[in-house]
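Subject: Structure for your review

Dear colleague,

Please find below the structure that I am handing over to you. My findings follow directly after it.

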Amino acid sequence: MNRTQPLVLGIESSCDETGVGIVRGDTLLANTVSSSMDEHVRFGGVIPEIASRAHLDAFIPTLEQALDTAGVTLDEVDALAVTSGPGLAGALMVGVCAAKALSLATGKPLYAINHLVAHVGVGVLDGGVLPENLGALLVSGGHTEILRVRSLTDDVELLGATIDDAAGEAYDKVARILGLGYPGGPVIDKLAREGDPKRIRFPRGLTQPKYMGSAEEPGPHRYDWSFSGLKTAVARCVEQFEAAGEPLPVADIAASFQEAVADVITAKAMLACTEHGISNLLLGGGVAANSRLRALTQERCDKHGISLRVPPVSLCTDNGAMVAALGAQVVMAGGQPSGIEFAPDSSMPVSSVHL
Ligand code: KG4
Ligand code: ZN
């Protein structure tokens, strides 16, 4: 196998995006994504069974389009990579079965890849080799995590994570409370620009001393987040305006909610970075599209002397190129293929980069 500039085809199906990406080493050749988002809108969130069926329908056309865009044939591919977790069990199963079938049919080696680490690995497609002393802040509909990445292919450590809702989930739930539809992120982001972020002081979860502790004696949730209280606070706030018969200041609520999210995410991320000697940060996940989160992360990174990298949005949201990118890194590092015996793992830990 070509291990210097391997041609790798990556498959992603952990949530509602069917993605097939193709890379050569750290060069992006194709990133084809088919989303079932529209089919979930009327339910206000992703319905796993619908997502699984949509993956089944979308896989072959997405694969064909990716090969076409990259201008390569399956025969030329050096290795296959697939998200084996974490994610929705049924959705993961479709991508993993497709990948195993391709591997059997073509005789190409298959690598089972961790979705979260792939969100970091995608950084190589936009700026080449990732720097040392690297941290990653992943914020999406499914995850809110801060990682220390000593080695992309074999040493990733979870420093902190949400203990309940992911940030994107909080956006979706708050949008529903405000009657703004699904998905909530983009619409709240837009509305917030017209609102006053200081109008309402919403809670910043897990920031009390009993959770934070000190640098010497960290509390139980020093680098963790919680967004379920924030969502409840928005619901109470809406009730109060309604009970008083006052018009709902939707833009101000959206701006104040967004400020609470961006503030607590970046504050805790900065703490985790400075206390772990992290001097380079990668921001990824679908919520990295958020204008306030981007701006505040940049502002606070500048203040702490941390250099920030944010891949383009098309590489931040779930996609197959990120799986191919990390797969290629594993191939180049001499990693062994996973075979076809492995099972998808919906709660695959971030410390397990590949199986
Ligand atoms: O990474 P992603 O495509 O899929 C998951 O892994 O979940 O992220 C989707 C999430 C949704 O919850 C959506 O509301 C949120 O990203 N999102 C945003 C923005 N654009 C998308 N959240 C805040 N601001 C945005 N501009
Ligand atoms: Zn994701």
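In this predicted model, a side-chain N or O atom of S140 lies 3.3 Å from an oxygen atom of ligand 1. Two backbone contacts accompany it. A polar backbone atom of G141 is 2.9 Å from an oxygen atom of ligand 1, and for G168 the distance from a backbone N or O atom to a ligand oxygen is 3.3 Å. Taken alone, ligand 1 has 550 Å² of accessible area, of which the protein covers 87%.

The ligand is located in the largest pocket. Helices α5 and α6 (184-192) are the elements that contribute two or more residues to the shell around ligand 1. Of these, α6 gives the largest share, namely four residues. In total, 20 residues surround the ligand, the closest being G141, D172, D189, G286 and N290.

I turn next to the charged side chains. The structure contains 13 salt bridges. In general terms, side chains of opposite charge can pair when their charged atoms come close.

D165 takes part in two of the pairs that I would draw to your attention. With K173, the side chain of D165 forms a salt bridge with an N to O distance of 3.2 Å. The second partner is K231, whose closest approach to D165 is 3.5 Å between N and O atoms. This latter pair links distant parts of the chain: D165 belongs to the loop between β8 (155-161) and α5 (167-177), whereas K231 lies in helix α8 (residues 228-243), 66 residues apart.

Is D165 buried or exposed? D165 counts as buried because its relative accessible area is 8%, and the limit for that class is under 20%. Its partner K173, by contrast, is partly exposed at 27% relative accessibility.

Helix α8 also holds a salt bridge between two of its own residues, E239 and R236. Their closest N and O atoms are 3.1 Å apart, and the two residues are separated by three positions, about one turn of the helix. Both are classed as partly exposed, E239 at 40% relative accessibility and R236 at 43%. Elsewhere, R148, R150, D155 and E157 are joined into one network by salt bridges that share partners.

When you open the model, I would suggest beginning with the surroundings of ligand 1 and then turning to D165 with its partners K173 and K231.

With kind regards

Terms used:
Residues numbered from 1 in each chain as written. Chains lettered and ligands numbered in written order. Predicted model: local features only at pLDDT ≥ 70, side-chain atom pairs only at ≥ 80, totals over all residues. Heavy atoms only, no water. Salt bridge = Lys/Arg side-chain N within 4 Å of Asp/Glu carboxyl O. Buried < 20%, exposed > 50% of the residue type's maximum accessible area, 1.4 Å probe, protein only. Near = heavy atom within 4 Å. Polar contact = N/O pair within 3.5 Å; in protein donor to acceptor, adjacent residues only side chain to side chain. Areas by Shrake-Rupley, 256 points an atom, 1.4 Å probe, with all protein chains shown as cover. 1 Å grid on protein atoms, 1.4 Å probe; cavity = no way out; pocket = protein on both sides within 12 Å on 5 of 7 lines; lining within 4 Å. Sits in = over half its atoms within 2 Å of the grid points.
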